[in-house]
Amino acid sequence: MLLEETLKSCPIVKRGEYHYFIHPISDGVPVVEPKLLREVVMRIIKIGNFEDVDKIVTAEAMGIPLVTTLSLYTDIPYVIMRKREYKLPGEIPVFQTTGYSKGQLYLNGIEKGDKVVIIDDVISTGGTMIAVIEALKRAGAEIKDIICVIERGEGKKIVEEKTGYKIKTLVKIDVVDGKVVIL
Ligand SMILES: O=P(O)(O)OC[C@H]1O[C@H](OP(=O)(O)OP(=O)(O)O)[C@H](O)[C@@H]1O
Ligand SMILES: Nc1nc2[nH]cnc2c(=O)[nH]1
């Protein structure tokens with residue numbers, strides 16, 4: 001499949017001590033082919049539980065093309081957790097850490113009892129997913145499913161153990177000797 005094929009040949013750069021892979025789905029770089037985006041979104045729809053879901057939720061930035069496409073196919077609206085504060089009434093701030101960055105994420109637009117599916121492009125340390133889940137729980141949402149396209153490292157297991165939620169992923173990878181390996 002295209003996702004696996006393109007991952008195997010994608011470049012790696014160092015961000016501090018973190019070996020960061022660069023791929024169209026996780027970076028929008030160098031170019032996003034519609035065929036790849038369509039394949040990924042169709043695979044998400046196939047494994048995801050979107051029945052009776054009120055909102056799809058992602059974190060800025062690279063979940064955005066995924067949820068936009070998903071929303072057009074499923075007719076479910078989406079919410080983006082932004083890195084910027086809007087100071088709207090009820091805005092929920094949470095702290096986000098990844099393997100290479102720290103910052104805040106802000107949740108707006110979720111009402112108590114909303115049934116949501118969380119989507120992200122990558123789960124690595126799991127820091128982002130922990131922050132997204134925490135914000136949604138504080139908002140009183142019911143998390144129906146969690147799907148990440150690319151899994152690397154121990155983040156999925158850590159988040160599952162810590163939160164009790166199951167996380168679905170499309171592909172598991174590792175970065176070995178400057179190359180992506182499909183596990
Ligand atoms: O499991 P983690 O270690 O938290 O890594 C996963 C997160 O890293 C990336 O986001 P990033 O914050 O780099 O923002 P971006 O989408 O703007 O690249 C990616 O989109 C995930 O949200
Ligand atoms: N593009 C990209 N996004 C990430 N998010 C967490 N780790 C990575 C990575 O290695 N590459």
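The legends below describe several close-up views of a predicted model.

**View 1. The surroundings of ligand 1 in the predicted model.** Ligand 1 is surrounded by 17 residues, and the closest of these are Ala 61, Met 62, Thr 98, Thr 125 and Thr 128. Two elements, strand E7 (115-123) and helix H5 (127-139), each contribute at least two residues to this shell, and E7 gives the most, with 4 residues. Sorted by class, the shell around ligand 1 consists of 5 nonpolar, 9 polar and 3 charged residues.

**View 2. The surroundings of ligand 2.** The residues around ligand 2 are Tyr 20, Phe 21, Ile 22, Ser 26, Asp 27, Thr 98, Gly 99, Val 122 and Ser 124. Strand E2 (18-21) and helix H2 (24-27) are the elements that give two or more residues to this shell. By class, the shell around ligand 2 has 4 nonpolar, 4 polar and 1 charged residues. Thr 98 appears in the surroundings of ligand 1 and also in those of ligand 2.

**View 3. The open sheet and the helix that lies across part of it.** The sheet is formed by 6 strands in the order E4-E3-E7-E8-E9-E10, with mixed pairing. Its edges are strand E4 (78-81) and strand E10 (179-182), each of which pairs on one side only. On average, and with direction ignored, neighbouring strands of this sheet are turned by 25 degrees against each other. Helix H4 (residues 64-74) lies across strand E3 (55-59), E4 and E7, and the helix runs at about 165 degrees to E3.

**View 4. Pairing of strand E9 with E8 and E10.** Strands of a sheet pair through backbone hydrogen bonds, in either the parallel or the antiparallel sense. In this model, E8 and E9 pair in the parallel sense over 5 bridges, whereas E9 (residues 168-176) and E10 run antiparallel and are joined by 4 bridges. Where E8 meets E9, the bridge partner of Glu 151 is Lys 172 in E9. On the side of E10, Ile 173 stands opposite Ile 182, and Asp 174 stands opposite Val 181. The hairpin of E9 and E10 has 2 residues between the strands, and in this hairpin Asp 177 takes a positive phi near 50 degrees.

**View 5. The largest nonpolar core and the contacts of Val 57.** This core has 42 residues, of which Val 57, Met 81, Ile 119, Val 132, Ala 135 and Leu 136 touch the most other members. At least two core residues come from each of helix H3 (34-47), E3, H4, E4, strand E6 (102-107), E7, H5 and strand E8 (142-152). Helix H5 gives the most to this core, with 7 residues. When residues up to four places away in sequence are not counted, Val 57 touches Val 79, Met 81, Val 116, Ile 118, Val 132 and Leu 136.

**View 6. Lys 137 in helix H5.** Lys 137 has its place in helix H5, the helix that gives the most residues to the largest nonpolar core. Lys 137 counts as partly exposed because 13 C-beta neighbours lie inside 10 Å, a count that falls between the limit of 12 or fewer for an exposed residue and that of 20 or more for a buried one. Although 24 residues separate Lys 137 and Gly 113 along the chain, their C-alpha atoms are separated by 9.9 Å.

Notes:
Residues numbered from 1 in each chain as written. Chains lettered and ligands numbered in written order. Predicted model: local features only at pLDDT ≥ 70, side-chain atom pairs only at ≥ 80, totals over all residues. Near = placed C-beta within 6 Å. Nonpolar A, V, L, I, M, F, W, Y, C, P; charged D, E, K, R; others polar. Pairing = 2+ DSSP bridges. Axes fitted to C-alpha atoms, helices over the stretch in contact; angles between N-to-C directions. Contact = placed C-beta atoms within 7 Å. Core = buried A, V, L, I, M, F, W, Y, C linked by C-beta atoms within 7 Å.
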